[in-house]
Amino acid sequence: MSTHTPAEAPLGRILRDGDRTGLRYERTLRHAPDLVWRAITESDHLAAWLPVDIVGERRAGAAVQLPFWPAMIERFGIDDPEQYPAGGNRTWEPITTFEWDWGGDVIRFDLEPVDGGTLLILTAWLGPAPVEAWQAAAGWHMCLGFLSTHPDTGAVAGAASGDPQ
C-alpha cells in the first residue's frame with residue numbers, strides 16, 4: 001500500500017455565493033500548460049486521475065457523456081452506471097480554460113503559465129448532488145493528487161484503480 005500526500009498540495013477553499021457552495025483549489029504543477037491541458041481533456045489521460053471519462057466533442061456548447069471507468073464501477077459497486085447524469089462543455093479555450101457541467105455541478109479548470117510550470121485553478125460549484133460538500137472536497141483533493149503526478153509517469157492507473165502511484 002502506498003500513500004500520496006504531497007506537502008505542496010494544500011487543501012482547497014470553500015466558496016459561498018448566496019446558497020451556492022463551491023470549492024477552489026490552486027496547484028502549481030511543474031509541467032508545461034500543454035501537458036496539463038492534455039491531462040485534463042484527453043480520455044487517455046483522464047483515466048489516471050478522474051473517476052469518469054468525458055465522451056463527446058471538445059468544444060463550447062457540446063453535450064458530453066460522463067461514464068464511469070469500469071474499475072470505478074466495480075470498486076464502488078455502482079449498480080446502474082447509466083443513472084448518473086450527462087453533462088456539457090460550457091467553455092473550451094485551449095490551453096487556458098475548460099469548464100463543464102456534471103449533473104448540476106459546474107467544474108472549471110483555468111491554466112496559467114508560471115516559471116517552470118503551470119498554475120492550475122480548479123473551481124467546482126456544487127449542484128444538488130447526492131454527496132455533501134465535504135465529500136466532494138475530499139474527492140477533488142484526491143483527484144488533483146493523482147493529476148499532479150500523472151504527467152511525470154504517464155501511468156494510467158491513479159483514480160481509475162484507486163491506488164496512487
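The protein chain of this predicted model has an average pLDDT of 83, and 82% of the residues score at least 70.

**Exercise 1. Confidence along the chain**

Task: State over which residues the pLDDT stays under 50, and how many contacts the model has there.

Solution.
1. At the start of the numbering, residues 1–7 have a pLDDT under 50. For these residues the model has six contacts beyond four places in sequence.
2. A further stretch, residues 156–165, also has a pLDDT below 50. Beyond near neighbours in sequence, residues 156–165 have 30 contacts in the model.

**Exercise 2. An aromatic pair**

Task: Classify the arrangement of the rings of Trp49 and Phe109, locate both residues, and decide whether each is buried or exposed.

Solution.
1. A pair of aromatic rings is described by the distance of the centres and the angle of the planes.
2. A search of the whole structure finds seven aromatic pairs. In the pair of Trp49 and Phe109, the centres are 5.9 Å apart and the planes are at 85 degrees.
3. Because planes over 60 degrees apart count as edge-to-face, the pair of Trp49 and Phe109 is edge-to-face.
4. Trp49 lies in the loop between helix H2 (43–46) and strand E3 (63–64), whereas Phe109 belongs to strand E6 (residues 105–114). The two residues are 60 residues apart, and the pair thus links distant parts of the chain.
5. Buried means under 20% relative accessible area. Trp49 has a relative accessible area of 0% and is therefore buried. Phe109 is also at 0% relative accessibility, so Phe109 counts as buried.
6. Elsewhere, Trp37, Trp92, Phe98, Trp100 and Trp102 form one aromatic cluster.

**Exercise 3. The largest nonpolar core**

Task: Identify the residues of the largest nonpolar core that touch the most other members, and the element that gives the largest share.

Solution.
1. The largest nonpolar core has 35 residues. Ile40, Trp49, Trp100, Phe109, Leu120 and Trp140 touch the most other members.
2. Two or more residues of this core come from each of strand E2 (20–29), helix H1 (33–41), strand E5 (97–102), E6, strand E7 (117–126) and helix H4 (133–153).
3. H4 gives the largest share of this core, namely six residues.
4. Leu120 may serve as an example: leaving aside residues up to four places away in sequence, the residues touched by Leu120 include Val36, Ile40, Phe109, Leu144 and Leu147. Tyr25, Glu26 and Asp110 are also among them.

**Exercise 4. Charged side chains**

Task: Describe the salt bridges of Arg20, Arg24 and Glu57, and decide how exposed the partners are.

Solution.
1. Side chains of opposite charge can pair when their charged atoms come close. The structure holds eight salt bridges.
2. Arg20 pairs with Asp17, with 3.5 Å between the closest N and O atoms. Arg20 has a relative accessible area of 41% and is therefore partly exposed; Asp17, at 44%, is partly exposed as well.
3. The charged end of Arg20 also sits over the ring of Trp125, 4.0 Å from its centre.
4. Arg24 pairs with Glu26, the closest N and O atoms being 3.0 Å apart. Arg24 is partly exposed at 24%, and Glu26 is partly exposed at 35%. Arg13, Arg24 and Glu26 are linked in a network of salt bridges.
5. Glu57 pairs with Arg59, and the closest N and O atoms are 3.1 Å apart. Glu57 is partly exposed at 48% relative accessibility, and Arg59 is partly exposed at 38%.

Methods
Residues numbered from 1 in each chain as written. Predicted model: local features only at pLDDT ≥ 70, side-chain atom pairs only at ≥ 80, totals over all residues. Heavy atoms only, no water. Phe/Tyr/Trp six-rings, centres within 6.5 Å; stacked < 30°, edge-to-face > 60°. Helix = DSSP H or I, 4+ residues; strand = E, 2+ residues; numbered from the N terminus. Buried < 20%, exposed > 50% of the residue type's maximum accessible area, 1.4 Å probe, protein only. Lys NZ or Arg CZ within 6 Å of the ring centre and 35° of its normal. Core = buried A, V, L, I, M, F, W, Y, C linked by side-chain atoms within 4.5 Å. Contact = heavy atoms within 4.5 Å. Salt bridge = Lys/Arg side-chain N within 4 Å of Asp/Glu carboxyl O. pLDDT = per-residue confidence, 0-100.
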